[in-house]
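Read the following with the sequence and the model open side by side. The text goes through ring contacts, charged pairs and enclosed space.

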Amino acid sequence: MSNPKPIVDHLFTADPSAHVFNGKLYVYPSHDRETDIQDNDNGDQYDMNDYHVFSMDAVGGPVTDHGVALKADDVPWVGKQMWAPDAAEKDGKFYLFFPARDKEGVFRVGVAVADKPEGPFKPEPDYIQGSYSIDPASFVDDDGQAYLYFGGIWGGQLQCWRSGKFDKAAYETMEATGDEPALLPRVAKLSEDMKSLTSDVQGLVINDDDGKPIHASKHDRRFFEAAWVHKYKGKYYFSYSTGDTHFLAYAIGESPMGPFTYAGRILDPVQGWTTHHSIVEFKGKWYLFYHDTSLSGKNHLRSVKMRELVYDSEDKLKLAEPQS
Ligand code: FUB
């Protein structure tokens, strides 16, 4: 596979969530920064404390860095680690959903609002009640109903929420064992004003080829983190990073709340420990945004890249052949 250049190289960026707003392509990434924290499975080295928003008028054209759109110091409930964000537009307002550890060290999801896609975003004083873990992804369906997806295991703490309440001791179990179904990503409906959840948080079922939920032992297929939802020809595509293998996989369903059925892989593991992506249609073509560590060689200093995606005759997703 050819290795594209990062979309920007003046700072480190990761976990890109791409959206088209007002005819432009906007990217909402994490802003990775230097730290002397040692790499560990808890992800302590991902010690980010603000977000920048980027935009482009055309693929391959200049990318504008709109500067700091939100910072940890401005969010009363945040303790540390502003991880992978997402954005949504509803009724002319723009919403930034972001995970961070609260002052007790528990990951939650917050929301901040702006009048423009690039911000600045004004945070709500508290996190979204009922939210937990990491990697929020919002999806606004054609009927206006918005959904929030979230969850990530290991450092993302999803394994602590099996019972619906935070169980610190469950952290060490890291994930389900091989005899159980895999831990499920979470989904809930968002309110009209996008600031609260209006349904119970439920597990989003991803079935395997046999029609049963993917088993915990299937590391190349089971959910790990980095949920994303897009719609194509009336079907919902749920994509995510897998198990401890970090393939980028996807599943297809008839409803945004699931169930979904495993449909294949989009991307092999990238350079670096994490895989996180988004999928967006822009000017009639589909694009995958992702990151790798090719610029830095360090797990916690990543760079956002993009590649074109195509659908085959059965509406399966694959990377477009690189242009020579
Ligand atoms: O950027 C910190 C974490 O790394 C994200 O939340 C995960 O998805 C992984 O990319």
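Aromatic pairs

Tyr-250 has a relative accessible area of 1%, so this residue counts as buried. The model is a predicted one. Tyr-237 is also a buried residue, because its relative accessible area is 2%, under the 20% limit. Tyr-237 and Tyr-250 form an aromatic pair, with 5.9 Å from centre to centre and 5 degrees between the planes, and the pair is stacked. Tyr-237 belongs to strand β16 (residues 235–242) and Tyr-250 to strand β17 (residues 248–253), so the contact ties together parts that are 13 residues apart in sequence.

A pair of aromatic rings is described by the distance of the centres and the angle of the planes. The structure holds 27 aromatic pairs. One of them joins Trp-77 and Phe-98: the ring centres are 5.8 Å apart and the planes are at 20 degrees, so this pair is stacked, the limit being under 30 degrees. Distant parts of the chain are linked here, since Trp-77 is in the loop between β4 (64–71) and β5 (78–80) while Phe-98 is in strand β7 (residues 93–102), 21 residues apart. Trp-77 has 6% relative accessibility and therefore counts as buried. Phe-98 is buried too, with a relative accessible area of 0%.

Rings also join into a group. Tyr-149, Phe-223, Phe-238, Tyr-240 and Phe-260 are linked by ring pairs into a cluster. A ring can also face a charge, as with Phe-247: the charged end of Arg-265 sits over this ring, 3.6 Å from its centre.

Charged pairs

Side chains of opposite charge can pair when their charged atoms come close. The count for this structure comes to 20 salt bridges, with a nitrogen to oxygen cut-off of 4 Å. One of them is formed by the side chains of Arg-302 and Asp-15, at 3.7 Å from N to O. Arg-302 is in the loop between β20 (285–292) and β21 (303–311), and Asp-15 is in strand β1, so the salt bridge links distant parts of the chain, 287 residues apart. Are the two partners buried or exposed? Arg-302 is buried, with a relative accessible area of 3%, and Asp-15, at 6% relative accessibility, counts as buried as well.

Lys-90 and Glu-192 form another salt bridge, in which the closest N and O atoms are 3.5 Å apart. Lys-90 is part of strand β6, and Glu-192 is in the loop between β12 (186–189) and β13 (202–203), so parts that are 102 residues apart in sequence are tied together. The partners fall into separate exposure classes: Lys-90 is buried, with a relative accessible area of 8%, whereas Glu-192 counts as exposed at 62% relative accessibility.

In the salt bridge between Lys-231 and Asp-141, the N to O distance is 2.8 Å. Lys-231 lies in strand β15 and Asp-141 in the loop between β10 and β11 (146–150), so this pair ties together parts that are 90 residues apart in sequence. Lys-231 is partly exposed, because its relative accessible area of 23% is between the limits of 20% and 50%. Asp-141 counts as buried at 8% relative accessibility. Elsewhere, salt bridges link Asp-208, Asp-209, Lys-218 and Arg-221 in a network.

Pocket and cavities

What volume lies in the largest pocket? The space there is about 490 Å³. The pocket is lined by 19 residues, and the closest to its centre are His-19, Val-20, Phe-139, Val-140 and Val-280. At least two lining residues come from each of the strands β1 (12–21), β6 (86–90), β10 (137–140), β15 (223–232) and β19 (278–282). By class, the pocket lining has 12 nonpolar, 3 polar and 4 charged residues.

Enclosed space was searched for over the whole structure, and 3 cavities of 30 Å³ or more were found. The largest cavity holds about 200 Å³ of space. Of the 23 residues that line this cavity, Tyr-46, Trp-83, Ile-134, Glu-225 and Thr-274 are the closest to its centre. The lining of the largest cavity has 9 nonpolar, 9 polar and 5 charged residues.

Technical notes:
Residues are numbered from 1 along each chain as its sequence is written. This is a predicted model: local features need pLDDT of at least 70, side-chain atom pairs count only at pLDDT 80 or more; totals for chains, interfaces and linings use all residues. Side-chain values use heavy atoms; hydrogens and water are left out. On a 1 Å grid over the protein atoms alone, a cavity is a set of points where a 1.4 Å probe fits but cannot get out, and a pocket is an open set with protein on both sides within 12 Å along at least five of seven lines; lining residues have an atom within 4 Å of a point. Grid points are joined across faces, edges and corners, and a volume is the space filled by probe spheres set on the points. Ala, Val, Leu, Ile, Met, Phe, Trp, Tyr, Cys and Pro count as nonpolar, Asp, Glu, Lys and Arg as charged, and the others, Gly among them, as polar. Rings of Phe, Tyr and Trp (its six-membered ring) pair if their centres lie within 6.5 Å; planes under 30 degrees apart count as stacked, over 60 as edge-to-face and the rest as tilted. Helices (H or I, at least four residues) and strands (E, at least two) are DSSP runs, numbered from the N terminus. Buried means under 20% relative accessible area, exposed over 50%, partly exposed in between (1.4 Å probe, protein chains only). A charge sits over a ring if NZ of Lys or CZ of Arg is within 6 Å of the ring centre and within 35 degrees of the ring normal.
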